[in-house]
Amino acid sequence: MNNTEFLEKLSTTNQSVKGFVKELIDLPKDKLTIKPSAEEWSILECIDHMNKATELYIDQIEEKIDHLRPSRKEQFKKTWLANKFTKMLAPTEQGEIKSKMKTLAGFVPHSNPDTTVVGRFLNNCDRIEKILKKANNNDLRSFKVTTALGPILKFYIGDALDFILTHNQRHVIQVKNTLSVDSAE
């Protein structure tokens, strides 16, 4: 996939996730805080978790985004390892989460977060959009960012953006599942 198509795909995903989360603003707080079970997260907890994960990457990218090199290659090729991690996270085409994953300690949501996490997430989506615009026509392998696993594993900017947007898609499905459980009761 060429760089432009790749960035457009990421932008479409980001806008879709943002649009869905924006619809949650009008829901009553009690609907946003219901947990499907004691082990599962509420909608606000999902969004708090998405904020923590998203900010890990976009904070690093924003620090370096002005230092992107112009692209010498038309194609963006994901690294093997980043592609593997992203595929593990990705929901199926049917919208199912295929693999359970343990949440790292630093990304566990606060218990009972308030509704401000929704606005913070929408702001993070805007930040991603600005990054995607600045990345256009630039080398998406200009620099690496540290992943949630620490400095032992780093992703190029393109891989990191793909990973975090796939991660957010995964949790949108989790939120949709929570909404459907709540409305079925």
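1. A contact here means that heavy atoms lie within 4.5 Å. Keep that in mind as you look at this predicted model. Among the contacts in the protein chain with a separation of 6 or more, 83% are between residues 24 or more positions apart. In other words, distant stretches of the sequence account for that share of the contacts.

2. Next, try tracing the chain from its N terminus. You will find 6 helices and 2 strands. The order is α-α-α-α-α-β-β-α, so the two strands follow five helices and a last helix comes after them.

3. What about the overall dimensions? For 185 residues, a compact globule would have a radius of gyration near 16 Å, and the protein chain agrees with this at 17 Å. Its C-alpha atoms fill a box of roughly 55 × 30 × 30 Å along the principal axes.

4. Now for inside and outside. Of the 185 residues in the protein chain, 48% are buried. The chain exposes about 10100 Å², with carbon and sulfur atoms supplying 52% of that area.

5. The charges deserve a look too. There are 28 positive and 25 negative side chains in the protein chain. The centres of these two sets lie 7 Å apart. The count of salt bridges comes to 10.

6. One salt bridge to find in the viewer joins Asp-162 and Lys-9, with N to O at 3.4 Å. Asp-162 belongs to helix H6 (residues 157-184) and Lys-9 to helix H1 (residues 3-23), so this pair ties together parts that are 153 residues apart in sequence. Is each partner buried or exposed? Asp-162 is buried because its relative accessible area, 3%, is under the 20% cut-off. Lys-9, at 35% relative accessibility, counts as partly exposed. The two residues also belong to a salt-bridge network that includes Lys-78.

7. Which residues pair with Arg-127? Asp-59 is one of them, and the closest N and O atoms are 2.5 Å apart. Arg-127 lies in helix H5 (residues 116-135) and Asp-59 in helix H3 (residues 43-64), so the salt bridge ties together parts 68 residues apart in sequence. Glu-62 also forms a salt bridge with Arg-127, with closest N and O atoms 2.5 Å apart. This second pair again links helix H3 to helix H5, across 65 residues.

8. Finally, compare how accessible these three residues are. Arg-127 counts as buried at 16% relative accessibility. Asp-59 is partly exposed, with a relative accessible area of 36%, and Glu-62 is partly exposed at 33%.

Definitions and conventions
Residues numbered from 1 in each chain as written. Predicted model: local features only at pLDDT ≥ 70, side-chain atom pairs only at ≥ 80, totals over all residues. Heavy atoms only, no water. Helix = DSSP H or I, 4+ residues; strand = E, 2+ residues; numbered from the N terminus. Rg over C-alpha atoms; globule rule 2.2 N^0.38 Å. Buried < 20%, exposed > 50% of the residue type's maximum accessible area, 1.4 Å probe, protein only. Areas by Shrake-Rupley, 256 points an atom, 1.4 Å probe, with all protein chains shown as cover. Lys, Arg positive; Asp, Glu negative; His and termini not counted. Charge placed at Lys NZ, Arg CZ, Asp CG, Glu CD. Salt bridge = Lys/Arg side-chain N within 4 Å of Asp/Glu carboxyl O.
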